[in-house]
Amino acid sequence: MDTLDDLFARLREATTPAEIEALQDGIWHIWLTASHPVLDKHLEAGMRALAAGNYTLAIEEFTHLTEASPDYAEGWNKRATAYYMRGEYNASLRDVRETLRREPRHFGALSGWATMLRMLGDDRGALRVLIRLEKICPAWPGLQSQLRDLRDRLEE
């Protein structure tokens with residue numbers, strides 16, 4: 001079985017969308033295992049609530065997860081997503097930072113962070129975040145056009 005480091009090394013070299021997607025799926029598979037049945041139950045319940053649009057319940061489940069296992073990056077990332085979906089961008093950004101403290105290669109957190117920064121009008125910050133994402137996966141679908149767009153806007 002591939003380790004996260006193996007998958008990320010291959011992701012840096014991947015060029016086709018199918019290859020990138022397969023590697024990301026492998027990474028997500030590892031990230032979405034909290035390593036304890038009770039924690040996995042909270043993760044699953046939070047993800048179900050998130051999918052159902054019950055962001056308050058999702059935040060409660062993910063908060064339990066971050067409190068019980070503060071080093072588990074995906075708990076922070078999922079709560080960041082729930083806050084984002086509820087329109088609480090500052091709370092989401094705080095959790096994105098916590099996610100990246102624990103897993104600096106978290107492409108989902110980086111992508112979400114860049115999206116929020118662009119929404120908040122911080123193109124320079126979004127560019128910095130996307131440059132970090134580029135180091136992880138240069139062929140990330142749509143990344144190069146986003147980088148070009150931001151650089152063009154900042155040069156104007």
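# A guided tour from helix H4 to helix H9

Begin by selecting Thr66, which is located in helix H4 (residues 55-68). Helices here are DSSP runs of H or I with at least four residues, strands are runs of E with at least two, and both are numbered from the N terminus. The model is a predicted one, in which local features need pLDDT of at least 70 and side-chain atom pairs count only at pLDDT 80 or more, while totals for chains, interfaces and linings use all residues. Residues are numbered from 1 along each chain as its sequence is written, and side-chain values use heavy atoms, with hydrogens and water left out.

Thr66 is buried, its relative accessible area being 5%. The term buried applies under 20% relative accessible area, exposed over 50%, and partly exposed in between, with a 1.4 Å probe and protein chains only. From its side chain, Thr66 reaches the backbone oxygen of Thr63 at 2.9 Å. This is a polar contact, that is, a pair of N or O atoms within 3.5 Å; within protein, one must be able to donate a hydrogen and the other to accept it, and residues adjacent in sequence count only if both atoms are side-chain atoms. Not counting residues up to four places away in sequence, Thr66 touches Gly75, Trp76 and Arg79, where contact means heavy atoms within 4.5 Å.

**Arg79 and Asp95**

Next, select Arg79 together with Asp95, whose side chains meet in a salt bridge at 2.6 Å, N to O. Arg79 belongs to helix H5 and Asp95 to helix H6, so the pair ties together parts that are 16 residues apart in sequence. A salt bridge is a side-chain nitrogen of Lys or Arg within 4 Å of a carboxyl oxygen of Asp or Glu. Arg79 and Asp95 are both buried. The whole structure holds nine salt bridges.

**Helix H6**

Now display residues 89-102, the 14 residues of helix H6. At 1.5 Å a residue they should span 20 Å, and the end C-alpha atoms are indeed 20 Å apart; the expected span is 1.5 Å times one less than the number of residues. Which residues of H6 are buried? They are Ala91, Ser92, Leu93, Asp95, Val96, Glu98, Thr99 and Leu100. These buried residues pack against helix H5 (73-85), helix H7 (107-119) and helix H8 (123-136).

Within H6, select Glu98 and Arg101, which form a salt bridge at 3.0 Å, N to O. They lie three residues apart in this helix, about one turn. An α-helix has 3.6 residues a turn, so residues three or four places apart point the same way. Arg101 counts as exposed, at 61% relative accessibility.

**The annotated repeat and His106**

Widen the selection to residues 73-106, where UniProt places the feature "repeat: TPR" in an unreviewed entry. Such positions are given in the numbering used here, feature names are shortened, and annotations may be inferred rather than shown by experiment. Over residues 73-106 the chain is 79% helix and 0% strand, and the end C-alpha atoms are 9 Å apart.

Zoom in on His106, in the loop between H6 and H7. Is His106 buried or exposed? At 0% relative accessibility, His106 counts as buried. The side chain of His106 reaches the backbone nitrogen of Ala109 at 3.0 Å. Apart from neighbours within four places in sequence, His106 is in contact with Trp28, Trp31, Glu74, Asn77, Thr99 and Leu100.

**The aromatic cluster**

Select Phe8, Trp28, Trp31, Phe107 and Trp140, which ring pairs link into a cluster. Seven aromatic pairs are found in the whole structure. In the pair of Phe8 and Trp31, the ring centres are 6.0 Å apart and the planes at 45 degrees, so the pair is tilted. Rings of Phe, Tyr and Trp (its six-membered ring) pair if their centres lie within 6.5 Å; planes under 30 degrees apart count as stacked, over 60 as edge-to-face and the rest as tilted. Phe8 and Trp31 are both buried.

The rings of Phe107 and Trp140 have their centres 5.5 Å apart and their planes at 55 degrees, so this pair is tilted. The pair links distant parts of the chain, with Phe107 in helix H7 and Trp140 in the loop between H8 and H9, 33 residues apart. Phe107 is buried at 1% relative accessibility, and Trp140 is buried with a relative accessible area of 16%.

**Last stop: Asp123 and Arg153**

Finally, select Asp123 and Arg153, a salt bridge whose closest N and O atoms are 2.6 Å apart. This pair also links distant parts of the chain: Asp123 is in helix H8 and Arg153 in helix H9 (residues 143-155), 30 residues apart. Asp123 is buried, with a relative accessible area of 13%, whereas Arg153 counts as partly exposed at 42% relative accessibility.
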